[in-house]
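Please load the model in the viewer and display the backbone as a cartoon. The tour below proceeds by selections, each followed by a description of what is found there.

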Amino acid sequence: MNDHPEGDVLELLVEDHAAVEALFARFERRAAEVPNPNLDVVRDITRELSVHAAVEEQVLYPLMREALPGGGELADHGIEEHQEIKERLAAIEALDPADEAWAREVMALIADVRHHVREEEDEQFPRLRAAVPSDRLTELARTVDRAKAVAPTRPHPRAPSTPPANRVVGPVAGLIDRVRDGARQAVEEADERDD
């Protein structure tokens, strides 16, 4: 868990966006390689986006509803975009990475997320920064850090996206996801040792 003594929630979310963008760039650089080594990159993208969406839905969107004129509509739009991203992530997980459709779906996901990030960083974050006191934004960074520690690491398109239900279901899904992630990693490590 990171401590953000001088940072705030908006800076933290921008850092998350940059980390995901770096993964996107890594995917794009390696997309033409054969065999395509991007499965691990897509797993990292899935994890980062799943965690990020969960914390935005728990922290950022309620803040928008409270602090901005028209914030409810902005939050609803963000949640709709998150739903589309979760559904696309779930579709990618269901596809065989050797299938050509897999890479096309990942590229469509990248385009969707880039659009969503531009809206947040260019339009919504500046409005929030102007409307919310800096000490509150700093406190919310700590809230985001705590939420990340228990957030789902996989897409859950049918899970609730708004408080209070997402604050209950999210940590349970996160625990299950982390158990699945650990089991997958253990199997992969055992397979590597056997090779």
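At what angle do helix H1 (residues 9–30) and helix H5 (residues 134–150) pack, and how far apart are their axes? Select both helices: the packing angle is about 45°, and the axes lie 7 Å apart. H1 is therefore oblique to H5. The model in view is a predicted one.

**The H1 and H5 contact**

Keep both helices selected and display side chains. On the H1 side, show Val 9, Leu 10, Leu 12 and Asp 16; on the H5 side, they meet Leu 137, Leu 140, Ala 141, Val 144, Asp 145 and Lys 148. Coloured by class, the contact between H1 and H5 shows seven nonpolar residues, three charged residues and no polar ones.

**The whole chain**

Now clear the selection and view the full chain. Six helices are present and zero strands, which gives the pattern α-α-α-α-α-α when read along the sequence. Colour by accessibility: of the 195 residues, 41% count as buried. The accessible surface amounts to about 10300 Å², and carbon and sulfur atoms contribute 54% of that area. For a contact map, consider contacts with a separation of 6 or more: 74% of them join residues 24 or more positions apart.

**H2 against H3**

Select helix H2 (residues 39–67) together with helix H3 (residues 71–94). Their axes come within 10 Å and cross at roughly 165°. An angle over 145 degrees counts as roughly antiparallel, and H2 and H3 therefore stand in that relation to each other. The crossing of H2 and H3 is left-handed. In the contact of H2 with H3, the residues comprise 11 nonpolar, six polar and six charged.

**H2 against H4**

Leave H2 selected and replace H3 with helix H4 (residues 100–131). The angle between H2 and H4 is about 30°, with 12 Å between the axes. The two helices, H2 and H4, are therefore roughly parallel. Their crossing is left-handed.

To see the H2 side of this contact, display residues including Leu 39, Val 42, Ile 45, Leu 49, His 52 and Glu 56. On the H4 side, the residues to display include Trp 102, Val 106, Leu 109, Val 113, His 116 and Glu 120. The contact of H2 with H4 divides by class into 16 nonpolar, three polar and two charged residues.

**Ile 92**

Next, centre on Ile 92, in helix H3. Is this residue buried or exposed? Ile 92 counts as buried, because its relative accessibility is 2% and the cut-off for burial is under 20%. Leaving aside residues up to four places away in sequence, Ile 92 touches Val 42, Trp 102, Glu 105, Val 106 and Leu 109. Draw a distance from the C-alpha atom of Ile 92 to that of Trp 102: the two are separated by 6.0 Å, and the residues are 10 apart along the chain.

**Arg 47**

Return to helix H2 and select Arg 47. Its relative accessibility is 34%, and Arg 47 therefore counts as partly exposed. Add Val 20 to the selection: the C-alpha atoms of Arg 47 and Val 20 are separated by 9.8 Å, while the two residues are 27 apart along the chain.

**Ala 159**

For the last stop, move to the loop between H5 and helix H6 (165–194), where Ala 159 is found. With a relative accessible area of 23%, Ala 159 is partly exposed. Which distance separates the C-alpha atoms of Ala 159 and Gln 83? The separation is 9.7 Å, for residues 76 apart along the chain.

Methods. Residues numbered from 1 in each chain as written. Predicted model: local features only at pLDDT ≥ 70, side-chain atom pairs only at ≥ 80, totals over all residues. Heavy atoms only, no water. Helix = DSSP H or I, 4+ residues; strand = E, 2+ residues; numbered from the N terminus. Buried < 20%, exposed > 50% of the residue type's maximum accessible area, 1.4 Å probe, protein only. Contact = heavy atoms within 4.5 Å. Areas by Shrake-Rupley, 256 points an atom, 1.4 Å probe, with all protein chains shown as cover. Axes fitted to C-alpha atoms, helices over the stretch in contact; angles between N-to-C directions. Parallel < 35°, antiparallel > 145°, perpendicular 65-115°, else oblique. Left-handed = near helix turned anticlockwise from the far one by under 90°. Nonpolar A, V, L, I, M, F, W, Y, C, P; charged D, E, K, R; others polar.
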